[in-house]
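Visitor: I am new to this structure and should like to learn how to read its features. Might we go through it together, one topic at a time?

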Amino acid sequence: MDDCEVRTLADLRDVLQAAVELELATIPPYLCAWWTVRDRTCEVALMLQDVAIAEMRHLAIAANTLIAVGGTPEIRAAFPAYPTHIRNVGTVEVSLLPFGRRFLEQSRRIERPETKGAEPGTPTTSRVRLLAMGDRFSTIGAFYRCVLEGLDRLVVELGEPAVFPDGGRIERQLGYFGAQRIDVACRARARALLDDVVDEGEGDDCGVRDRYGALAHFYTFDQMCRGRRYGPEDKAGRPCGDELAVPEGEEQVAPMLPNATQLLYLPPRSALWDDSVAFNDLLTDVVDTLDAGFKGDPAKVQAAFGLMLQLREAADRLLARPLPDHPGQVAGPTFELSCAPR
């Protein structure tokens, strides 16, 4: 694409597949952090759960929009190996980490808006920088503006029926995520849903919350870093609410070994090996079911999301296992797909 502008339907489908990739890449790191918090009922764990679920919804919205414009989402092909730079370009390494300072710093870099909440001298690096698009987009919002401006241009040039064939093919889309309707049949629906994705990650133009008043993801992580909640009127970088109890130490956070692939630390044919293989086999089922679902069978998308509880239980078995060669650390999910589709 010339200057990253969306000039053709093929360009539009390409950037929407890139949106699928960036939303997908954040889900395993957020799940790892959530699962390593021992008290899943504490406020921070519930916040992490909400963020992970929101990223799943963002993935579904990006995939639905791609389907609506005549494309086919590639979920399995887009699934990264961790640690990762999406498409092997970018300045931020995305790792699988236990909850803690390193995870929070990574998450703030991934979600950071270009100006809001940035401390003096802090380089801006958003998850869009991970898309092999170099410096062409500095924020999530800039990336999605490119998508939406291209969408508008194509609708004007080609007409909405050409851009959204067969009414957006909504029969191939996931209609609802929870109670929220997320199918896309026209430009107006695509705009509304993709704007929500940006607001939920960065906050709106006026502050730290999205248009519905919920704290945006960047500021959710920011208040964890600062140990203090954002109040209703607080400005970016200046939370003045109550103190936030942030889990820390081995008693509150499982000391998971970061980015620990099977072959690096597991004795073959041990119970630990078997647990890791079981997790990754289940993960492969989830990803392949999502892939099939977004390729025309939306009921399978719901089934894949339903398997997430089993995935958490499989992760818990790993997080309970000490690593013989890494004193003081435990195993964890490696999020490695089986070599061939199942």
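Visitor: How many cavities of 30 Å³ or more does the structure hold?

Guide: This is a predicted model, and it holds two cavities of 30 Å³ or more. In the largest cavity lies about 140 Å³ of space.

Visitor: Which residues are the closest to the centre of the largest cavity?

Guide: The lining of the largest cavity consists of 15 residues, and those closest to its centre are Leu24, Ile27, Val286, Leu290 and Met308. Four elements give two or more residues to this lining: α1 (9-36), α2, α9 (271-293) and α11 (308-319).

Visitor: How many nonpolar, polar and charged residues does that lining have?

Guide: The lining of the largest cavity has 15 nonpolar residues, with no polar and no charged ones.

Visitor: Let us turn to charged side chains. What can side chains of opposite charge do when their charged atoms come close?

Guide: Side chains of opposite charge can pair under that condition. In the whole structure, a search finds 14 salt bridges. One of them is formed by the side chains of Arg57 and Glu200, at 2.5 Å from N to O. This pair links distant parts of the chain, with Arg57 in helix α2 (residues 43-68) and Glu200 in helix α6 (residues 187-202), 143 residues apart.

Visitor: Are Arg57 and Glu200 buried or exposed?

Guide: The cut-off is needed here: buried means under 20% relative accessible area. Arg57 counts as buried because its relative accessibility is 15%. Glu200 likewise counts as buried, at 16% relative accessibility.

Visitor: Which residues form salt bridges with Asp152?

Guide: Asp152 forms a salt bridge with Arg187, their closest N and O atoms being 3.5 Å apart. That pair links distant parts of the chain: Asp152 belongs to helix α4 (residues 140-158) and Arg187 to helix α6, 35 residues apart. Asp152 also forms a salt bridge with Arg191, where the closest N and O atoms are 2.4 Å apart. Here again distant parts of the chain are linked, from Asp152 in helix α4 to Arg191 in helix α6, 39 residues apart.

Visitor: How should the accessibility of these three residues be read?

Guide: Asp152 is buried, with a relative accessible area of 18%. Arg187 counts as partly exposed at 26% relative accessibility, and Arg191 is partly exposed with a relative accessible area of 29%.

Visitor: Which residues are joined into one network by salt bridges that share partners?

Guide: Glu74, Asp291 and Lys295 are joined into one network in this way.

Terms used:
Residues numbered from 1 in each chain as written. Predicted model: local features only at pLDDT ≥ 70, side-chain atom pairs only at ≥ 80, totals over all residues. Heavy atoms only, no water. Salt bridge = Lys/Arg side-chain N within 4 Å of Asp/Glu carboxyl O. Buried < 20%, exposed > 50% of the residue type's maximum accessible area, 1.4 Å probe, protein only. 1 Å grid on protein atoms, 1.4 Å probe; cavity = no way out; pocket = protein on both sides within 12 Å on 5 of 7 lines; lining within 4 Å. Points joined across faces, edges and corners; volume = space filled by probe spheres on them. Nonpolar A, V, L, I, M, F, W, Y, C, P; charged D, E, K, R; others polar.
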